[in-house]
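Please find below my notes on the model you sent. They are arranged as numbered points, chain by chain.

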Amino acid sequence: MQIVENLKVKEKVYQEKLDNGLTVMIIPKKGFQKKFIIWGTHYGSNDSTFIVPGETDVTEVPKGVAHFLEHKMFEQENGTNSLDVLTALGVNANAYTTNDHTAYLYDCTDHFKEALDELMDYVQHPYFTDENVEKEKGIIGQEIMMYEDYPQWKVYLNALEAMYHNHPVKLDITGSIETISQIDKDILYKCYQTFYNPANMAMVICGDFEPESLLEEVKKRLIEVKAGGEIKRIYPEEPDTIVKPKVEQIMEVSQPLYTIGIKDMAATQNTTKNPEELVKRHLAIEILLNLLIGDSSPLYQKLYEEGMILSSPTLEYEFSYTYAHLLLTGQAKDPERLLAELKQEINTIKEQGIQEEDVNRIRKTLYGDYLKEYNDVADIARMFLADYFKGICSFDYLEQIGSITVDYLTQILSEVFSEDHMILSIVKSDCQNASTKSE
Amino acid sequence: MEYKPNEIKEGITLHQIPNDRFKTNLMAIFITTTLTRENVTKNALIPTVLRRGSKQMPTQEEISKTLEEMYGATFDCGVDKRGDNQVLKFYFESINDNFLPNGDENMLKDSLEKFLELVFDPYTDGTNQFKPEYVEQEKDNLKKIIESKIDNKAKYAMDRCIEEMYKDEPFGLYRYGYVEDLESINAENLYQSYQQLLSQSKIDLFVSGRDNPKIKEWVNQNPNIQKLAARKPQFVSISSKPKDAPVPEKVVQESMEVTQGKLMIGLDLAIEDTNLQYPTTIYNSILGGSANSKLFQKVREEASLAYSASSSYVKNKNNIFISCGIDIPNYEKTVEIIKKQLEAMKQGDFTDEEVENAKQGLLSAIKSVNDEQDTELMYYFAQELMNTKHSLKEYSDRISQVTKQDVIDIAHKVTIDTIYFLKD
């Protein structure tokens with residue numbers, strides 16, 4: 001196996017691409033009782049238009065199939081449910097779907113191998129019937145409705161809708177009650193055959209293991225499947241421009257929720273298939289956001305003392321090779337004024353320049369933040385899987401922090417933080433509407 | 001490397017949890033006091049004012065810059081309810097010295113000193129009060145936090161259910177307190193409350209991370225620890241005390257803007273012996289503690305009535321809370337199915353295998369307690385408050401010994417107290 005070691009965090013990853021195309025990564029953690037495995041496919045809610053390897057026609061499926069498949073994979077032909085089988089072994093099993101991948105996982109202290117039997121069996125053996133597909137629509141329908149009551153989820157989704165004209169990243173991962181009603185077992189089988197090919201999948205295992213012998217355990221549980229060809233994923237053309245600068249929704253909340261989004265389509269042009277550039281851009285954006293409105297920034301202090309915000313916003317950069325955006329999320333008395341203040345602060349920094357001293361401090365903070373990701377076997381494995389599907393080795397973040405210069409930050413600041421690309425999404429209740437008007 | 005509790009002074013304990021597997025050191029200070037209507041709001045306010053400034057770091061900006069320079073160390077605080085106690089919680093996390101890019105710092109010692117300063121040496125500008133500006137701003141903030149109770153509907157339903165079950169009792173108090181109390185709080189009387197809290201409460205300091213033989217010495221010699229006097233701490237040691245008599249089943253329904261109905265059922269457990277916590281844990285696990293549980297299987301998988309259906313056991317108060325998110329018209333049907341499951345548990349309508357599976361899940365969780373710093377820390381704190389002081393090994397052994405009959409016996413001690421439903 002290939003070994004990549006990082007001396008800063010003092011961890012190693014053992015990696016191998018098998019003949020069938022499956023990538024396996026093992027990160028040994030000596031002394032830990034907990035073992036964690038995650039098996040993912042590079043297939044998420046964004047992938048609903050594609051060309052199956054070997055075919056020429058474009059296949060288009062309803063939104064929400066990746067997530068629907070995730071729910072249905074647990075059901076077995078012999079009538080058992082793999083989630084029950086795994087739970088009975090005393091392991092915590094779960095699964096999730098994101099924009100760009102779907103993952104099946106468990107953690108345990110004992111019975112790792114028995115659980116591995118079950119995991120690898122169910123992920124490799126789909127079993128869909130008209131009846132079990134229909135029943136799932138009720139459960140997923142409840143899940144969709146549960147999210148309807150989360151203002152945090154609505155403010156996020158609305159922000160994406162305000163930024164993206166066409167790209168499917170703006171759609172709910174679950175699909176809607178209407179789109180899932182069109183799903184049947186044939187669609188599920190077709191998507192399964194296309195995306196659950198080992199060449200489109202990766203497995204990450206973290207815990208107190210001997211990597212070589214563990215790899216053998218994985219190999220002997222694989223059924224024979226030939227590595228598939230490249231799946232051509234088709235995304236609609238997405239312009240640089242935003243859809244609308246502001247979106248509001250009324251919900252019962254105590255204080256308005258906001259998400260400020262900055263669309264960064266330049267990232268998809270400037271970093272094309274270059275993971276190193278993506279990591280650098282990601283780090284630079286994190287540093288800039290911290291300088292602008294992080295805990296120690298003058299803007300945050302001012303807004304906090306005024307009672308405008310209770311805590312600094314959550315700062316995120318979400319990206320793939322076809323979309324990218326920054327998100328600042330939180331609660332504020334008056335989100336519109338918050339945005340105006342932020343815009344002003346951006347201009348001030350653009351005019352006055354970025355201070356080396358501040359950058360040094362934030363770099364130290366990020367170093368600690370990335371280091372902390374290596375405390376928990378589950379966090380480590382999830383991070384390596386998610387980064388892998390973007391072509392990134394997670395260690396690169398720790399390695400690149402030192403290389404982010406003030407010059408590079410200045411370049412990214414002018415390239416990314418432009419008012420034309422900003423949107424504001426607000427969720428507030430009726431009465432807050434009235435009170436903001438009167439203020 | 002073993003867990004070591006050490007009494008620093010009467011009522012003040014240092015708990016060392018040596019552990020070299022993490023990239024970080026995690027420290028916690030828990031200040032435990034009896035939960036009262038009179039003090040609940042003041043106590044909730046105190047940590048937020050402490051966070052604003054200390055003697056050496058008088059502003060939030062200075063605190064933030066100091067923490068950032070310490071490789072993004074974090075200082076967090078909050079309040080919690082533990083049985084009939086209110087707990088002021090403070091956490092400080094910083095990176096383990098083994099992972100410093102430059103080896104010339106003493107991060108653990110620095111962190112400990114900064115942490116003790118933040119909690120025990122607030123900015124007063126030489127007066128006998130907090131900085132009035134900080135107190136007024138934090139009063140406004142706390143008001144918003146109290147009002148934000150409605151934001152998370154599932155949590156709101158849980159809080160409301162508890163309030164209905166514990167009307168006019170300490171446990172029914174909201175942990176952040178009440179808006180109407182805020183007006184009479186000022187920098188002076190809040191500072192007095194703080195001083196009183198420091199002199200009378202139970203104080204526990206946890207240090208988890210790289211072992212250092214000097215930790216105890218550093219703590220003992222710290223001026224902020226030295227100025228604290230020994231005390232007979234005023235708190236309620238948590239013991240199982242059931243309600244005097246089973247109460248009649250109460251149904252409460254409320255309306256709010258929700259798409260999905262939130263159903264909560266609060267159960268009372270008529271158990272007195274603390275040893276019965278072990279079969280009760282198994283009972284809860286079979287009823288609603290996992291994907292194999294009766295609730296998940298019957299309510300979600302078979303009837304397709306809910307996305308979530310689970311139960312949780314609150315040891316401190318001898319309650320189990322069932323929670324489901326359901327389609328609003330399915331209310332009657334869901335309650336009926338849940339009641340059937342409670343009855344099935346009484347009839348022993350579950351297999352030895354289900355008991356074994358529940359044990360496996362719990363034993364696995366206990367084994368991995370040491371793999372997460374905060375979980376490990378909270379385990380020892382819970383033992384400290386329960387006054388049981390069971391080691392992880394003892395805990396596992398007792399779980400292993402539970403029989404199916406023990407679980408049936410528990411089922412007969414379960415009664416429904418309150419059914420709470422939040423609908424549109």
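The points below take each chain as a whole and then a few of its residues.

1. Status of the model. This is a predicted model. Every value quoted here is computed from its atoms, and local features were considered where pLDDT is at least 70.

2. Chain A, overall fold. The secondary structure of chain A amounts to 17 helices and 15 strands. Its radius of gyration is 23 Å, close to the 22 Å that the globule rule gives for 439 residues, so chain A is as compact as a globular protein of that length. Measured out along the principal axes, the C-alpha trace of chain A spans about 65 × 50 × 45 Å.

3. Chain A, interior and contacts. Among the 439 residues of chain A, 60% count as buried. Of the contacts in chain A with a separation of 6 or more, 80% come from residues 24 or more positions apart.

4. Chain A, surface and charge. About 17100 Å² of chain A is exposed, and carbon and sulfur atoms supply 47% of that area. Chain A carries 42 positive and 73 negative charges, and the mean positions of these two sets are 2 Å apart.

5. Thr102(A). Is this residue buried or exposed? Thr102(A) has 0% relative accessibility and therefore counts as buried, the cut-off being under 20%. Its place is in strand S8 of chain A, which covers residues 102-108. The side chain of Thr102(A) reaches the backbone oxygen of Tyr43(A) at 2.6 Å. Tyr43(A) is also in the list of residues that Thr102(A) touches, leaving aside those up to four places away in sequence. That list further includes Trp39(A), Gly40(A), Thr41(A) and Gly44(A), as well as Ala66(A), Glu70(A), Tyr96(A), Thr97(A) and Tyr196(A).

6. Chain B, overall fold. Chain B has 16 helices and 11 strands. For 424 residues a compact globule would have a radius of gyration near 22 Å, and the 23 Å of chain B agrees with this. The C-alpha trace of chain B spans about 65 × 50 × 40 Å along its principal axes.

7. Chain B, interior, surface and charge. Buried residues make up 58% of the 424 in chain B. Residues 24 or more positions apart supply 80% of the chain B contacts that have a separation of 6 or more. The accessible surface of chain B is about 17000 Å², with 45% belonging to carbon and sulfur atoms. There are 53 positive and 68 negative charges in chain B, and their mean positions are 1 Å apart.

8. Positive phi in chain B. Two residues deserve a look here. Asp168(B) is not a glycine, yet it has a positive phi of about 60 degrees. Asp168(B) sits in the loop between helix H5 (153-165) and helix H6 (179-182), and its relative accessible area of 83% makes it exposed. Asn318(B), also not a glycine, likewise has a positive phi of about 60 degrees. The loop that holds Asn318(B) runs between strand S9 (306-314) and strand S10 (319-326). Asn318(B) is buried, with a relative accessible area of 3%.

9. Glu163(B). This residue belongs to helix H5 of chain B. Why does Glu163(B) count as buried? Its relative accessible area is 17%, and buried means under 20%, so Glu163(B) falls within the buried class. Not counting residues up to four places away in sequence, Glu163(B) touches Lys149(B), Gly172(B) and Tyr174(B).

10. Thr418(B). Strand S11 of chain B, residues 414-423, contains Thr418(B). At 0% relative accessibility, Thr418(B) is buried. Which residue lies 153 positions from Thr418(B) in sequence and 5.8 Å from it in space, C-alpha to C-alpha? That residue is Ile265(B). Ile265(B) is also among the residues that Thr418(B) touches, together with Met264(B) and Gly266(B). Other contacts of Thr418(B) include Cys161(B), Glu164(B), Met165(B), Lys250(B) and Val252(B), again without counting residues up to four places away. The side chain of Thr418(B) makes a polar contact of 2.7 Å with the side chain of Asp417(B).

Terms used: Residues are numbered from 1 along each chain as its sequence is written. Chains are lettered from A and ligands numbered from 1 in the order in which they are written. Side-chain values use heavy atoms; hydrogens and water are left out. Helices (H or I, at least four residues) and strands (E, at least two) are DSSP runs, numbered from the N terminus. Buried means under 20% relative accessible area, exposed over 50%, partly exposed in between (1.4 Å probe, protein chains only). A polar contact is a pair of N or O atoms within 3.5 Å; within protein, one must be able to donate a hydrogen and the other to accept it, and residues adjacent in sequence count only if both atoms are side-chain atoms. Contact means heavy atoms within 4.5 Å. The radius of gyration is taken over C-alpha atoms; the globule rule is 2.2 Å times the number of residues to the power 0.38. Accessible areas come from the Shrake-Rupley method with a 1.4 Å probe; for residues, only the protein chains shown count as cover. Lys and Arg count as positive and Asp and Glu as negative; His and the chain ends are not counted. The place of a charge is taken as NZ of Lys, CZ of Arg, CG of Asp or CD of Glu.
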